[in-house]
Amino acid sequence: MERVAKPLTREPELPPSRGPLSASVAGHLRHARPLPDDAAIGDAAPFGDAAPFGDDLQLALHLCYELHYRGFAGVDADREWDPDLLRVRAALERPFLAALRAVASRHEHADDALDELLVEPADGHGITHFLQDEGELWHLREYAAQRSVYHLKEADPHAWVLPRLWGRAKAGMAAVEFDEYGAGRAERVHARLYADLMTDLELDPAYGRYVDASGAEALAIVNLMSLFGLHRALRGALVGHFAAVETTSSPGSRRLARAMRRIGAGPAAEHFYREHVEADAVHEQIVRREVVAGLLEEEPQLDGDVAFGVDATGYLEDRFADRLLAAWRAGESSLRTPLSTSTRTSLHPSV
């Protein structure tokens, strides 16, 4: 029987706040309340501690960035270009970007950063290894719920870089994005395939549904893409991010497809990752040879920015993996709020 696409909510609800910064942004969106000045933001997220990666600042950034995607139910679309919100967004971005440059930068050149990604340790122990070898259904559901913050907008943040590229880089980027958007077939758009995966796992596929359940680490990964995508000055970093994602996607997706098959998650759940095994193996070559090489041929001064994009992506992905694995190995949920229980099997009692 052919799968019938379930309509997805276009405008999600505003999620609950997680501190003074996110409460202030949400209050402004709902009731046009005053926003904090730069000094107040600096006090709430001082450079030199973990605050730039914490729940409050990351959710506040998420609220600002989502206005450029689907917005929020009950929030006027004109808020997207609210000058006061744009000022606050810039003040929130500064400590986030400064912290990433300070703690994530490891390479000076794009080739060095990307070459390192091609080498997988023989004794791999990351999150996809855990899910492949030990993961239970409740682990896969938690992972899928938090990844939905990204995968239900997959390819959208990267599309912003297209007007900022030309020649080989633009052509290669457009070719990969065309595949991400289903190569002209709506049912094959990768965000649609992920929604089908969520349905197989008895999760709600509505856009933005699991933002409140997701930790700051998951939000930071998506905020990074929006930060890079919305700033022309960071186009090199966005290309680096894109290259890192495509380079690491195929082996990780292979392990996740095995995890879905082993646990009996369902055909759509397995298909999403199998699709990425095949597609991203090709995309990796296009991105490296055409997008990255084409960009640096035209703008060699962006070499360090591309390397920074690769490094920042790896740093935030490692933080996300560490958060989930630490919780799971302690027998605890990695989520801020529990999921509804699957009807197919008994899940972990803390979920």
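This passage describes how the two domains of a predicted model meet and which side-chain pairs link distant parts of the chain.

In the predicted model, the chain is divided into two parts, with domain 1 covering residues 20-103 and domain 2 covering residues 108-330. The centres of domain 1 and domain 2, taken over C-alpha atoms, are separated by 24 Å. Contact between the domains involves 19 residues of domain 1 and 24 residues of domain 2. The area buried between domain 1 and domain 2 amounts to about 2000 Å². Carbon and sulfur atoms give 67% of this buried area.

Polar interactions also span the boundary between the domains. Between domain 1 and domain 2, 6 residue pairs are in polar contact. The interface of domain 1 and domain 2 contains 1 salt bridge. A salt bridge is formed by K153 and E66, whose closest N and O atoms are 2.7 Å apart. On the side of domain 1 that touches domain 2, helix 3 (55-66) and helix 4 (83-103) each supply at least two residues. The residues on this side of domain 1 comprise 9 nonpolar, 4 polar and 6 charged residues.

Salt bridges were also counted beyond the interface. The count comes to 21 salt bridges. One of them joins D55 and R336, with the closest N and O atoms 4.0 Å apart. Because D55 lies in helix 3 and R336 lies in the segment after helix 14, this pair ties together parts that are 281 residues apart in sequence.

Aromatic side chains provide a further set of pairs. The count comes to 8 aromatic pairs. Among them is the pair of Y143 and F320, with a distance of 6.2 Å centre to centre. The planes of the Y143 and F320 rings are 45 degrees apart, and the pair is classed as tilted. Y143 belongs to helix 7 (residues 137-151) and F320 to helix 14 (residues 303-329), so the aromatic pair ties together parts that are 177 residues apart in sequence.

How values were computed: Residues numbered from 1 in each chain as written. Predicted model: local features only at pLDDT ≥ 70, side-chain atom pairs only at ≥ 80, totals over all residues. Heavy atoms only, no water. Domains from an automatic or database assignment. Contact = heavy atoms within 4.5 Å. Buried area = accessible area lost by both parts, 1.4 Å probe. Salt bridge = Lys/Arg side-chain N within 4 Å of Asp/Glu carboxyl O. Polar contact = N/O pair within 3.5 Å; in protein donor to acceptor, adjacent residues only side chain to side chain. Helix = DSSP H or I, 4+ residues; strand = E, 2+ residues; numbered from the N terminus. Nonpolar A, V, L, I, M, F, W, Y, C, P; charged D, E, K, R; others polar. Phe/Tyr/Trp six-rings, centres within 6.5 Å; stacked < 30°, edge-to-face > 60°.
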